[in-house]
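Dear colleague,

I am passing on the structure we spoke about, and my notes on it follow below. Please read them with the coordinates open.

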2 protein chains.
Amino acid sequence: MDKNELRNKLISTATQLFAERGLNGVGIRELSKAAGVSISMISYYFGGKEGLYSSVLQDQFSSFEHIEEIHKADSEALDKIEAYIRWIIVRHRNNPYLLRFYTSELTNPTQYFSLIVQPAIGKVIQLLVQIIEDGIARKKFRKDLNPVDTVLAMAGMVNYYFLSTLATQELINHSPDRDEELIRHYMDIFTKGILS
Amino acid sequence: MDKNELRNKLISTATQLFAERGLNGVGIRELSKAAGVSISMISYYFGGKEGLYSSVLQDQFSSFEHIEEIHKADSEALDKIEAYIRWIIVRHRNNPYLLRFYTSELTNPTQYFSLIVQPAIGKVIQLLVQIIEDGIARKKFRKDLNPVDTVLAMAGMVNYYFLSTLATQELINHSPDRDEELIRHYMDIFTKGILS
DNA sequence: ACCCCTAAATCGAACGTTCGTTATAATTCT
DNA sequence: AGAATTATAACGAACGTTCGATTTAGGGGT
């Protein structure tokens, strides 16, 4: 048995339960039972329930660190934007729980927001702002764009698609099969607008 | 003293506390003390803590019922879209707590989601889809738009601006003074895209 | 090879606190 | 008088943490 198997089992179980019902919605008895581990292991490994939550958060937002990969050396601003949209979608597909922690921390920040969440989000936004500014400087994009607003518009479009899943299940097909179509569609709207 | 003053005081206090810390993050002792009301009144008026939460939810999403006002008889699709964006912004300005319940119920639905939240959101989306479809039919909008995706893109842009407030405080000014600029800017991006 | 010792890992029980609810009696208002 | 509201206490259940005991693994002495 791996030395860290128990630790990892706790984190993966906690990720699912905290995501589904929130930090205060899950007790450590239920959590440890679901993980098949003794209740005391939570304090032993993480210093307590809050420590476990912070480890979960750290794990969830660690995916943000690889955002630089969007910068494919010699690609154009538009390609980078598409790469970003693709990156968000892949992120949500690979980790359906991230959005819960994301919105939960943005609307009800815990003490770990400024240490874990804010830096991760800030890094991405900064990078995207640079891409937009670059596009404006090269006269690819309109020069009257506010870079930050523009970035939020783009990020909002994509993230909201996943956020609204529960409310739009009967209106559209959310299956990954449609992701490519979605990317093309959102790129189209974002670059050319909806006017004919 | 109004007969309903106590009831309203409980709802407004609960709205703030539930929004800030979630249903499970607030105890009824703290809640009743903050409202300046006896603890037994929660069960007396609402049948318990959950009942109070459901009343808060109902109150929060009641604002969605006046969405029809966007339909100014003889206005164009574009004007209706701007009216919607304006309506969202006013809604968030008037009630800074709504977004918390909105995202919380979308990512961690309680038993009241399908009764209160889903119908409210569904109604708005349906209306917006009609607007887009109408615009397409009148050849104002591109005919290759997927109406639902388009609506989500628009709603996402605006809502995400408010959702991301905590993470973008140091990047942009979120004061209402800038709302008109924001509306013009988002209308611009949404209709004409970012390309120059 | 065997035993001993230690440190880490793991366990389940118990602790004191807080939870939401309910009952009761006193008080205030109409 | 009667209704509304109060404060308080009690209830069992659940909470997060802690503690002593047990198991496990490995190294050193023989």
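Contacts with the DNA

Of the atoms of DNA strand C that come within 4 Å of the protein, 45% belong to sugar or phosphate, while the rest belong to bases. Please keep in mind throughout that this is a predicted model.

To stay with DNA strand C, 20 residues surround it, and the closest are S40(A), Y44(A), Y45(A), I28(B) and K49(B). The side chain of S40(A) places an N or O atom 2.6 Å from a base oxygen of this strand. Chain B, for its part, addresses phosphate oxygens of DNA strand C: a polar backbone atom of I28(B) is 2.8 Å from one, and an N or O atom in the side chain of K49(B) is 2.4 Å from a phosphate oxygen. As for secondary structure, α3 of chain A, together with α2 (28–35) and α3 of chain B, each supply at least two residues of the surface near the strand, and α3(A) gives the most, with four residues. Sorted by class, that surface has ten nonpolar, six polar and four charged residues.

DNA strand D has 19 residues around it, of which I28(A), R29(A), K49(A), M41(B) and Y45(B) come nearest. Sugar and phosphate make up 44% of the atoms of DNA strand D that come within 4 Å of the protein. A polar backbone atom of I28(A) is 2.8 Å from a phosphate oxygen of DNA strand D, and a polar side-chain atom of K49(A) lies 2.2 Å from a phosphate oxygen of the strand, whereas R29(A) has a polar side-chain atom 2.6 Å from a base nitrogen. Two or more residues of the surface near DNA strand D come from each of α2 (28–35) and α3 (40–46) of chain A and α3 (40–46) of chain B; the largest share, four residues, is that of α3(B). This surface has nine nonpolar, seven polar and three charged residues.

How the two chains are related

A turn of 180°, with a shift of 0.0 Å along the axis, lays chain A on chain B with an RMSD of 0.1 Å, and the two copies are therefore related as by a two-fold rotation axis. Within chain A, the C-alpha nearest the axis belongs to G193(A), 2.0 Å from it. Both copies use the same surface, in that 100% of the contact residues of chain A recur in chain B.

Pockets

The largest pocket holds about 760 Å³ of space. It is lined by 36 residues, and those closest to its centre are R21(A), G22(A), R21(B), G22(B) and L23(B). At least two lining residues each are supplied by α1 (5–21) and α6 (98–107) of chain A and by α1 (5–21), α4 (49–61) and α6 (98–107) of chain B, with α6(B) giving the most, six residues. The lining divides into twelve nonpolar, 16 polar and eight charged residues.

The second largest pocket has a volume of about 330 Å³. Of its 16 lining residues, P96(A), L99(A), R100(A), F162(A) and T165(A) are the closest to the centre. The elements that give two or more residues to this lining are α5 (77–94), α6, α8 (147–163) and α9 (165–168) of chain A, together with α6 of chain B. By class, the lining of the second largest pocket comprises eight nonpolar, six polar and two charged residues.

With best wishes

Conventions: Residues numbered from 1 in each chain as written. Chains lettered and ligands numbered in written order. Predicted model: local features only at pLDDT ≥ 70, side-chain atom pairs only at ≥ 80, totals over all residues. Heavy atoms only, no water. Near = heavy atom within 4 Å. Polar contact = N/O pair within 3.5 Å; in protein donor to acceptor, adjacent residues only side chain to side chain. Nonpolar A, V, L, I, M, F, W, Y, C, P; charged D, E, K, R; others polar. Least-squares fit on C-alpha atoms with pLDDT ≥ 70 in both. Contact = heavy atoms within 4.5 Å. 1 Å grid on protein atoms, 1.4 Å probe; cavity = no way out; pocket = protein on both sides within 12 Å on 5 of 7 lines; lining within 4 Å. Points joined across faces, edges and corners; volume = space filled by probe spheres on them.
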